[in-house]
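Me: Please take one part of this model and look at it closely, working outward from there to its surroundings. I would like the cut-offs stated wherever a term depends on them.

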Amino acid sequence: MTGRFAGQVAVVTGAASGLGLASAQRLAAEGAHVVAVDVNGGAVDEVAAALPTDSIGVRADISEEADVDAYVAAGIDRFGRIDLHHLNAGIFGSFAALPHLTVDDFERVMAVNVRGQFLGLRAAFRLYQRQGTRGSIAVTASIAGHTGAADLLPYQTSKHAVVGLVHAAAVYGGPLGIRVNGVAPGIVPTELFAAAASTTGGKNDMEKRASTTPLRRAGTAAEIAGAVAFVLSEDAAYMTGEILAVDGGASIVNTVRPSGGAGAWNTGAVDDALYDKEWRR
């Protein structure tokens, strides 16, 4: 098979659905053998079997050190090397307001979205050192890692931390010929938010919220996968440490200007739902 990644081997975490599935499909379509990783072992096996290249599925919890080491070992056992990594797996966590968040809510998100990405980065760097090779790593960040909101606090905190991981790993990896970049999706309806289908700020109003971006629509997983393929490829050979927003322009909007939707939202309704009346006494 020909393509930008012909003959290369790529790890994709969270590959059973959503952004990870689209990434695995795009990389395989461009010639990569994929080590598809997900906590849902049955589903990720089906994904790997359906790819157009010789690929494998590996069941792993990315927040567990032994599981990360195991998916790397599985890739080496099958293909002899790994060239590319898309560290994508993540969870969104609790929508609870700050006073009502539990430590368990917070730590569960940090374990997957921060420790999991750290473990994936560390494993990739250790592997490149053993192989004596260069490589490229993409990490799924979020535009939530650049701004703040009153909900999804654990998720936002984790994505701010991911930016730090990308920057630090890129500085370390640069002299070694290892590039590390982040891709920051905007509003992309996927299975990740299915559990919040009826929650304001979850999946039920994604299309409405996306309509205020400059492109006036939500994105697709395939569009994010295109950006991932770009930063992993030699087309981005002089690019490292970047957090590439793929968000329909959401992150460039000045929301207090008329063209940015100023006054378009009923802030009273938002505030009434966010704060109970005791806070207003």
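Reply: Helices (H or I, at least four residues) and strands (E, at least two) are DSSP runs, numbered from the N terminus. This is a predicted model, in which local features need pLDDT of at least 70 and side-chain atom pairs count only at pLDDT 80 or more, while totals for chains, interfaces and linings use all residues. Residues are numbered from 1 along each chain as its sequence is written, and side-chain values use heavy atoms, with hydrogens and water left out.

The part I have chosen is strand β6, residues 178–185, in a protein chain whose secondary structure comes to eight helices and seven strands. Eight of the eight residues of β6 are buried (under 20% relative accessible area, with exposed meaning over 50% and partly exposed in between, for a 1.4 Å probe and protein chains only). Ile 178, Val 180, Gly 182 and Ala 184 point one way from the strand, whereas Arg 179, Asn 181, Val 183 and Pro 185 point the other way, and both sets are buried.

Next come the neighbouring strands, where pairing requires that DSSP finds at least two bridges between two strands. Strand β5, residues 135–140, runs parallel to β6 and is joined to it by six bridges, and the β6 partner of Gly 135 is Ile 178. Between these two strands the chain passes through helix α5, residues 153–173, in a β-α-β crossover that is right-handed; that is, with the strands pointing away from the viewer, the path from the first strand over the helix to the second runs clockwise. Strand β7, residues 243–246, also pairs with β6 in the parallel sense, here over four bridges, and the β7 partner of Val 183 is Leu 244.

Within β6, Asn 181 deserves a closer look. Asn 181 counts as buried because its relative accessibility is 0%. Its side chain reaches the backbone oxygen of Met 239 at 3.0 Å, a polar contact in the sense of a pair of N or O atoms within 3.5 Å, where, within protein, one must be able to donate a hydrogen and the other to accept it, and residues adjacent in sequence count only if both atoms are side-chain atoms. Leaving aside neighbours within four places in sequence, the contacts (heavy atoms within 4.5 Å) of Asn 181 include Ile 137, Ala 138 and Val 139, as well as Val 166, Val 231 and the run Met 239, Thr 240, Gly 241 and Glu 242.

Arg 179 leads back to β5, since its side chain makes a polar contact of 3.3 Å with the side chain of Ser 136, a residue of that strand. Ser 136 counts as buried because its relative accessibility is 3%. Beyond four places in sequence, Ser 136 is in contact with Asp 83, Leu 84, His 85, Tyr 128, Arg 179, Val 231 and Leu 232.

The strand can also be placed in the nonpolar interior. In soluble globular proteins, nonpolar side chains tend to be buried together. A nonpolar core here is a set of buried Ala, Val, Leu, Ile, Met, Phe, Trp, Tyr and Cys residues joined through side-chain atoms within 4.5 Å. The largest such core has 36 residues, and Val 180 belongs to the group touching the most other members, together with Val 35, Val 37, Tyr 71, Leu 121, Ile 137 and Val 139. The elements that each supply at least two residues of this core include β5, α5 and β6, along with β1 (9–13), β2 (33–38) and β3 (56–59). Helix α4 gives the most to this core, with eight residues. Ile 137 touches, among others, Ile 178, Arg 179, Val 180 and Asn 181. Apart from this core lies another, of 29 residues, among them Leu 19, Val 34, Val 44 and Leu 84.

One detail on the way from β5 to β6 should be noted. Leu 152 sits in the loop between β5 and α5, and its phi is near 50 degrees, a positive value in a residue other than glycine. Leu 152 counts as buried because its relative accessible area is 10%.

For the chain overall, buried residues make up 47% of the 281 residues, and residues 24 or more positions apart account for 65% of the contacts with a separation of 6 or more.
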